[in-house]
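Dear colleague,

I am handing over a structure that I would like you to look through, and my notes on what was found in it follow below the display.

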Amino acid sequence: MGSEFVVRLPVLDAVQDSPTAPQRPKPTPVGLKVLLVEDSADAAEMMAGALEMLGCHVAVAHDGPAALAAVATDCPDIGLLDIGLPGMSGYELAVKLRAGGFCPSLRLVAVTGYAKDAEALAAAGFDGYLTKPVDFQQLGETLANVVAARREPRRP
């Protein structure tokens, strides 16, 4: 009886269709300011660690009022909001952030274990969503999209 270990490494997109094609660097989230709003301390710690490994500056809030205070202090590039927060849901928090005029370029992404309700997410002002448990490749792609759109004002 022995142990078997499997290591999976991502494949780099180093091979292009044409060697003369211009190489466009993929946007990276290094330096991106992220507000993570998650009521579970363990989940927040794990996700914050992953975000920091990607090079993000992370502020963590565990409820809506703390998130509003964090945004008033420092305008993040993206807010990752848990939907099932105590006292004030992620939907309510998103509505308050949009109505309060906080950070017009702030991108909001719902992080939810609930079924996706695209209509409710859009009505609250979310730009996208991630499903729990969060797929870290999808998280990286979401952050790269925010970086790519960083210079454009958010469209309501």
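I begin with Phe126, which is buried, with a relative accessible area of 8%, where buried means under 20% relative accessible area, exposed over 50% and partly exposed in between, using a 1.4 Å probe and protein chains only. Before going further, please keep in mind that this is a predicted model, in which local features need pLDDT of at least 70 and side-chain atom pairs count only at pLDDT 80 or more, whereas totals for chains, interfaces and linings use all residues. Residues are numbered from 1 along each chain as its sequence is written, and side-chain values use heavy atoms, with hydrogens and water left out.

The partner of Phe126 is Tyr91, and the two form an edge-to-face aromatic pair, with 6.2 Å from centre to centre and 80° between the planes. Rings of Phe, Tyr and Trp (the six-membered ring in the case of Trp) pair if their centres lie within 6.5 Å, and planes under 30 degrees apart count as stacked, over 60 as edge-to-face and the rest as tilted; by this rule the count comes to 1 aromatic pair. The pair links distant parts of the chain, since Tyr91 belongs to helix 3 (residues 90-99) and Phe126 to the loop between helix 4 (118-124) and strand 5, 35 residues apart. Unlike Phe126, which is buried, Tyr91 is partly exposed, with a relative accessible area of 25%.

As for the overall fold, the chain has 5 helices and 5 strands, where helices (H or I, at least four residues) and strands (E, at least two) are DSSP runs numbered from the N terminus. These elements run β-α-β-α-β-α-β-α-β-α from the N terminus on, and 35% of the 156 residues of the chain count as buried.

The 5 strands make up an open sheet in the order 2-1-3-4-5, with parallel pairing; two strands are taken to pair if DSSP finds at least two bridges between them. Strand 2 (57-61) and strand 5 stand at the edges with a single partner strand each, so one side of each is left without a neighbour in the sheet. The twist averages 20° from one strand to the next, with axes taken as lines fitted to C-alpha atoms (for helices over the stretch in contact) and angles running from 0 to 180 degrees between N-to-C directions.

Within this sheet, strand 3 (residues 78-82) is joined to strand 1 (residues 33-37) by 4 bridges, the two running parallel, and strand 3 pairs with strand 4 in the parallel sense over 5 bridges. On the side of strand 1, Val37 has Leu81 as its bridge partner and Leu36 stands opposite Leu80, while on the side of strand 4, Leu80 stands opposite Val109 and Gly79 has Leu108 as its bridge partner.

Strand 3 has 5 of its 5 residues buried, so it is largely enclosed by the rest of the structure; both of its faces are covered, with Ile78, Leu80 and Asp82 on one side and Gly79 and Leu81 on the other. Strand 4 is likewise mostly covered, with 6 of its 6 residues buried, of which Arg107, Val109 and Val111 point one way and Leu108, Ala110 and Thr112 the other way.

Two of these strand 4 residues, Arg107 and Val109, also help to line the second largest pocket, together with Asp127, Gly128, Tyr129, Leu130, Thr142, Asn145 and Val146. Strand 4 (107-112), strand 5 (128-131) and helix 5 (136-149) are the elements that give two or more residues to this lining, which by class has 4 nonpolar, 3 polar and 2 charged residues. Here Ala, Val, Leu, Ile, Met, Phe, Trp, Tyr, Cys and Pro count as nonpolar, Asp, Glu, Lys and Arg as charged, and the others, Gly among them, as polar.

The volume of the second largest pocket is about 160 Å³. On a 1 Å grid over the protein atoms alone, a pocket is an open set of points where a 1.4 Å probe fits, with protein on both sides within 12 Å along at least five of seven lines, and lining residues have an atom within 4 Å of a point; grid points are joined across faces, edges and corners, and a volume is the space filled by probe spheres set on the points.

With best regards
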